[in-house]
Amino acid sequence: MTTKKRKVDSECRAFNDEWTWKYFFTVLKDKLVCLICNEAVAVFKEYNISRHFTSKHKNCNYEAMSEYERKQNVESLCKKLSGRQNFFKKVNTIQEAATHASYIVAYNITKNNKALSDGEFVKKCMLQDCDVLCPDKKNNFQTVSLSRKTVTSRIEAIYKNLTSQLESKIGQFKFCSIAMDETLI
C-alpha cells in the first residue's frame, strides 16, 4: 500500500486575524510576513507562526506587552510596512512614466525625421522649462532617458511592435495595398 504525500498548499489554510496582534504577522500577496523582521513563513499554520515569534523575537519584550499595547504596536508596524510598499510603488510609477515619456519623444523624433541625438536637446529644453513651470517636478523630468542610444532602442521597439501588429493582422486581410515613399528605400 502506497501513501500519497500530503500537500499543505491544497489544505486551504486561512489566516486568522488574531495572529496579527498575537504574533505580529500579516498577509502580503498570499504570504505570511512578520511585521517585526519582515521574514516570510511558508505555511498558514499557527504553530509555524508562534514558533517563529518565540524563537526570533523572544528577547524583544513583545511577550510582556498587554493586548492593547500589542495592537497599538501592530498598527504602527503595519503603517511602516505600507509606507515602504507605497515608496516602491511611487518609484515604479515615476519610472514607468519616464519610460513612456521617452517613447513619446522617440516617436516624435522619428516622425519628424530629426536626428537621433535630438533627444538630448529635447531633454535639455524640458529641464529648462521645468525650472520655470514646475521646479518641484524636476527630478521626475531628469529620470527621462533621451540619450542617442536610448532613442535608438525606443525607435527599434516601436518598429518591432508595429511590425508584429501588422503581421498578425495581415492574415485577416482579403486584399492588401502598400504605399511606400523614398525614405524607406
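## Exercise 1: Cys 78

Classify Cys 78 as buried, partly exposed or exposed from its relative accessible area, and place Cys 78 in the fold.

*Solution.* Step 1: The classes are buried (under 20% relative accessible area), exposed (over 50%) and partly exposed (in between), with a 1.4 Å probe and protein chains only. Step 2: Cys 78 has a relative accessible area of 29%, so it is partly exposed. Step 3: Cys 78 belongs to helix 3. Step 4: Its C-alpha atom is separated by 9.7 Å from that of Ile 36, and the two residues are 42 residues apart along the chain.

The model used throughout is predicted: local features need pLDDT of at least 70 and side-chain atom pairs count only at pLDDT 80 or more, while totals for chains, interfaces and linings use all residues. Residues are numbered from 1 along each chain as its sequence is written, and side-chain values use heavy atoms, with hydrogens and water left out.

## Exercise 2: The overall fold

How many helices and strands does the protein have, and in what order do the elements run?

*Solution.* Step 1: Helices (H or I, at least four residues) and strands (E, at least two) are DSSP runs, numbered from the N terminus. Step 2: The count is six helices and three strands. Step 3: From the N terminus on, the order is α-β-β-β-α-α-α-α-α. Step 4: Of the 185 residues in the protein, 23% are buried. Step 5: The accessible surface (Shrake-Rupley method, 1.4 Å probe; for residues, only the protein chains shown count as cover) is about 14400 Å², and carbon and sulfur atoms hold 54% of that area. Step 6: For contacts (heavy atoms within 4.5 Å) between residues at least 6 apart in sequence, 51% join residues at least 24 apart.

## Exercise 3: The nonpolar cores

Which residues of the largest nonpolar core touch the most other members, and which elements each supply at least two residues?

*Solution.* Step 1: A nonpolar core is a set of buried Ala, Val, Leu, Ile, Met, Phe, Trp, Tyr and Cys residues joined through side-chain atoms within 4.5 Å. Step 2: The largest core has 14 residues, and those touching the most other members are Tyr 23, Phe 24, Phe 25, Leu 32, Leu 35 and Ile 49. Step 3: At least two residues of this core come from each of helix 1 (18-23), strand 2, helix 2 (46-56) and helix 3 (67-111). Step 4: Helix 3 contributes the most, with three residues. Step 5: There is also a second, separate core of nine residues, among them Met 126, Val 144, Leu 146 and Val 151. In soluble globular proteins, nonpolar side chains tend to be buried together.

## Exercise 4: A loop residue beside helix 3

Where does Asn 38 lie, and which residues is it in contact with beyond its neighbours within four places in sequence?

*Solution.* Step 1: Asn 38 sits in the loop that runs between strand 2 (31-34) and strand 3 (40-41). Step 2: Its relative accessibility is 39%, so it counts as partly exposed. Step 3: Outside those neighbours, Asn 38 is in contact with Val 33, Leu 81 and Arg 84. Step 4: Asn 38 and Leu 81 are 43 residues apart along the chain, with their C-alpha atoms separated by 8.7 Å.

## Exercise 5: Two positive side chains

Compare the charge partners of Lys 138 and Arg 154.

*Solution.* Step 1: A salt bridge is a side-chain nitrogen of Lys or Arg within 4 Å of a carboxyl oxygen of Asp or Glu. Step 2: By this rule the count is one salt bridge. Step 3: The pair is Lys 138 and Asp 131, at 2.9 Å from N to O. Step 4: Lys 138, in helix 5 (residues 138-142), is partly exposed at 24% relative accessibility, and Asp 131 is partly exposed at 41%. Step 5: Arg 154, in helix 6, is buried and has no salt bridge; Glu 156, the nearest side chain of opposite charge, is 9.9 Å away. For the charges, Lys and Arg count as positive, Asp and Glu as negative, and His and the chain ends are not counted. Step 6: Beyond its neighbours within four places in sequence, Arg 154 is in contact with Thr 99, Ser 102, Tyr 103 and Ala 106.

## Exercise 6: Asn 113

What is the sign of phi at Asn 113, and in which loop is Asn 113 found?

*Solution.* Step 1: Phi is positive, about 50°, although Asn 113 is not a glycine. Step 2: Asn 113 is in the loop between helix 3 and helix 4 (118-133). Step 3: Its relative accessibility is 64%, so Asn 113 counts as exposed.
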